[in-house]
Amino acid sequence: MTSIDYSGSRRRETGTPHLLPPLTPATAITLLLAGLVATGVWEIWARGLTPLLIGGPLEPAGLIKSSFGISSSFLAETIHIATGLIIYPLGYLFVAQPIARLLPVEFPWSLTGAGFGIGLWVFAMYVMAHLVAGFPAFLGFGDLAFASFFGHLLYGLAVAGIVALRRA
């Protein structure tokens, strides 16, 4: 809620959270830390643990190559890493959190992070894999889709956890 003080300028009343985070060096550091930690968690899950569970790693660079017609594995991996380090954390800070703040019920960071991770999974498995690359929706809900689900869930929780820790 905003009010107008005697000078005529608009100000936020105390106790009302800002919808968007301030554009400060601290926000940039939070963004980078969240991206680093969450991408690290994703990579450990995707390339370390997933092969033990389903017999092979998750390979988002392969989806990027299929979606955009890229032949370079290096370029596809670079796009994947840049997305995890910068683009998705920006999405959490400037889309997921503001949406959560607009809801009438206050959710804990873990629930917002889980919802964000699930949203990323829907984007990856339906929008990118199905609508853009032409694969079956959610890759037919096979082992790969479920491994991807847990990877994106962990990623969302990691981003939200770092943001919550930095705020505390």
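**View 1. Crossing of helix 3 and helix 5 in the predicted model****.** The axes of these two helices come within 10 Å and cross at roughly 70°. Helix 3 and helix 5 are therefore roughly perpendicular to each other, since angles of 65 to 115 degrees fall in that class. Two packed helices are described in these terms, by the angle between their axes and the distance between the axes.

**View 2. Residues at the contact of helix 3 with helix 5****.** Helix 3 contributes Thr 83, Gly 84, Tyr 88, Pro 89, Tyr 92, Leu 93, Gln 97 and Arg 101. Their partners in helix 5 are Tyr 155, Val 159, Ala 160, Val 163 and Arg 167. By character, the residues of this contact divide into eight nonpolar, three polar and two charged.

**View 3. Surroundings of Arg 167 in helix 5****.** Arg 167 belongs to the helix formed by residues 143-167. With neighbours within four places in sequence left aside, Arg 167 is in contact with Gln 97 and Arg 101, both of which are in helix 3. Ala 26 lies 141 residues from Arg 167 in sequence, yet the C-alpha to C-alpha separation of the pair is 9.7 Å.

**View 4. Surroundings of His 80 in helix 3****.** His 80 is part of the helix spanning residues 73-102. Its relative accessibility is 11%, so His 80 counts as buried, the cut-off being under 20%. Not counting residues up to four places away in sequence, His 80 touches Trp 42, Glu 43, Arg 47, Pro 60 and Ile 64.

Methods: Residues are numbered from 1 along each chain as its sequence is written. This is a predicted model: local features need pLDDT of at least 70, side-chain atom pairs count only at pLDDT 80 or more; totals for chains, interfaces and linings use all residues. Side-chain values use heavy atoms; hydrogens and water are left out. Helices (H or I, at least four residues) and strands (E, at least two) are DSSP runs, numbered from the N terminus. Contact means heavy atoms within 4.5 Å. Buried means under 20% relative accessible area, exposed over 50%, partly exposed in between (1.4 Å probe, protein chains only). Axes are lines fitted to C-alpha atoms, for helices over the stretch in contact, and angles run from 0 to 180 degrees between N-to-C directions. Angles under 35 degrees count as roughly parallel, over 145 as roughly antiparallel, 65 to 115 as roughly perpendicular and the rest as oblique. Ala, Val, Leu, Ile, Met, Phe, Trp, Tyr, Cys and Pro count as nonpolar, Asp, Glu, Lys and Arg as charged, and the others, Gly among them, as polar.
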